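Subject: A structure to look through

Hi there,

Here is the structure I promised to pass on to you. Please open it beside this email and follow along as you read.

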Amino acid sequence: MKVALIDSGLGLLSTAGWLRHLSPDLDLLLILDPEGAPWGPKSTVFITERLVTAARAAVEQGAEAIVVPCNTATVTAIDALRQEFEPDVPVIGTVPAVKPAAAGGTGIAVWATVRTTASDYQTRLINDFANGKPVVRIACPGLAEAIDHGDLAAVSQAIADAGERTPLHCDAVVLGCTHYPLVAPEILRRLPAGTTLYDSAEAVARQTLRRMDRPTGPDGPAGGVEVVLSGRRGNFPASAHAYPVGRALAAATRVSREDLMPEATRLPMSASPFPWPSSSA
């Protein structure tokens, strides 16, 4: 069985890694759009056209589910995808983990791209799931782009800026962009001890397997990993190798839990969607 994941850049790595970890024999089709990236500043029409075009090509190549591991693309174009492909092909979007953060924290900060931060979608999500707890929106300009480029100095600078703008009372920080889990240890280093990060990549992967009626399990041979770059078959960008999960996927090996959640950010498997606590919590 084949699953297609579509994003403009490396934001798909974490969700792809969780799918590979939970069901290693799945074939993964990873569709990136370096020629159109970043999608964040682009128009709704542009993002929708790129996403729908990529999804059509994926289905032609045998994809049996389409995952959009990108908050911006989900906000912008998930309805168009579902209208075209469901119910024959499940379409799974990505929702920032506001609900579990509200259950576990007293004050919440949502780190996201500028576009997602300003979206009506995020406003509705907070109104529906924050359970009345105070929520601060933290736009992180340049962070996703720096992660895409593997520019760790720029990553550190963008995280430091966002950390300084995050109020001390926010003990729960939602990673509202799928790029951000790739640098979770650096984010935690910039936040007060006791802060917990919340991400939805594992939950999205598990929802994908449920929609496909596919159990999790480590048995069986490892499936293939194909990469498409703006409509052409290719290899992972060199910047993907800056992150453990990127290196594992590029090698088409199994993805370990350590690749996904470094020891300093790990909680027991029972935590879902998984929160990441600071090591001193």
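Below is what was found in it, taken one region at a time.

Before anything else, please keep in mind that this is a predicted model.

**The open sheet**

A good place to begin is the open sheet of 6 strands, whose order is 4-3-1-2-9-10 and whose pairing is mixed. The edge places are taken by strand 4 (91-92) and strand 10 (232-234); each has a single partner strand, so one side of each has no neighbour in the sheet. If the word "pairing" is new to you, strands of a sheet pair through backbone hydrogen bonds, either parallel or antiparallel.

Strand 1 is worth finding next. It covers residues 2-6, and 5 of its 5 residues are buried. Which way do the residues of strand 1 point? K2, A4 and I6 point one way, while V3 and L5 point the other way, and all are buried. This fits a general pattern: in a regular strand the side chains alternate between the two faces of the sheet.

Strand 1 runs parallel to strand 2, and 5 bridges join the two. To see one of these pairs for yourself, look for A4, whose bridge partner in strand 2 is L29. Moving towards the edge, strand 3 (residues 65-67) is joined to strand 4 by 2 bridges, and these two strands also run parallel. Here I66 stands opposite V91 of strand 4.

**Helices beside the sheet**

Now turn to helix 2, residues 44-60, which lies across strand 1, strand 2 (27-32) and strand 3. Its direction is at about 165° to strand 1.

Helix 2 also packs against helix 3 (residues 71-85). Two packed helices are described by the angle between their axes and the distance between the axes. In this pair the angle is about 50° and the axes are 9 Å apart. The two helices are therefore oblique to each other, and helix 2 passes helix 3 in a right-handed crossing. On the helix 2 side, the contact is made by T44, I47, T48, L51, V52, A55, R56 and V59. Helix 3 contributes T72, A73, T76, A77, A80, L81, E84 and F85. Sorted by class, the contact has 10 nonpolar, 4 polar and 2 charged residues.

Helix 1 (residues 13-22) holds L19. Is L19 buried or exposed? Its relative accessibility is 0%, so L19 counts as buried. Leaving aside neighbours within four places in sequence, L19 is in contact with V3, L5, P24, L26, L28, A205, T208 and L209. Two of these names, V3 and L5, should be familiar from strand 1. As for I78, its C-alpha atom is separated from that of L19 by 20 Å, and the two residues are 59 residues apart along the chain.

**Strands 5, 7 and 8**

Strand 7 (residues 172-175) is covered on both faces: A172 and V174 lie on one side, V173 and L175 on the other, and all are buried. Strand 7 runs parallel to strand 5 (residues 108-112), with 4 bridges between them. One pair to look for is W111 with its bridge partner L175 in strand 7. Strand 7 is also joined to strand 8 (residues 196-198) by 3 bridges, again with the strands parallel. In that pairing, V174 has Y198 of strand 8 as its bridge partner.

**Some backbone details**

Finally, a few spots in the loops deserve a look. What kind of peptide bond joins A37 and P38? This bond is cis, with omega about -5°, and P38 sits in the loop between strand 2 and helix 2. A cis peptide bond also leads from E86 to P87, where omega is near 10°. P87 belongs to the loop between helix 3 and strand 4.

D213 has a positive phi, near 55°, although this residue is not glycine. You will find D213 in the loop between helix 10 (201-211) and strand 9 (225-229). With a relative accessibility of 70%, D213 counts as exposed. A252 also has a positive phi near 55° and is a residue other than glycine. Its place is in the loop between helix 11 (244-250) and helix 12 (257-260). At 33% relative accessibility, A252 counts as partly exposed.

Enjoy exploring, and write back with any questions.

Best wishes

Definitions and conventions: Residues are numbered from 1 along each chain as its sequence is written. This is a predicted model: local features need pLDDT of at least 70, side-chain atom pairs count only at pLDDT 80 or more; totals for chains, interfaces and linings use all residues. Side-chain values use heavy atoms; hydrogens and water are left out. Two strands pair if DSSP finds at least two bridges between them. Contact means heavy atoms within 4.5 Å. Axes are lines fitted to C-alpha atoms, for helices over the stretch in contact, and angles run from 0 to 180 degrees between N-to-C directions. Angles under 35 degrees count as roughly parallel, over 145 as roughly antiparallel, 65 to 115 as roughly perpendicular and the rest as oblique. A crossing is left-handed if the near helix is turned anticlockwise from the far one by less than a right angle, and right-handed if clockwise. Ala, Val, Leu, Ile, Met, Phe, Trp, Tyr, Cys and Pro count as nonpolar, Asp, Glu, Lys and Arg as charged, and the others, Gly among them, as polar. Buried means under 20% relative accessible area, exposed over 50%, partly exposed in between (1.4 Å probe, protein chains only).
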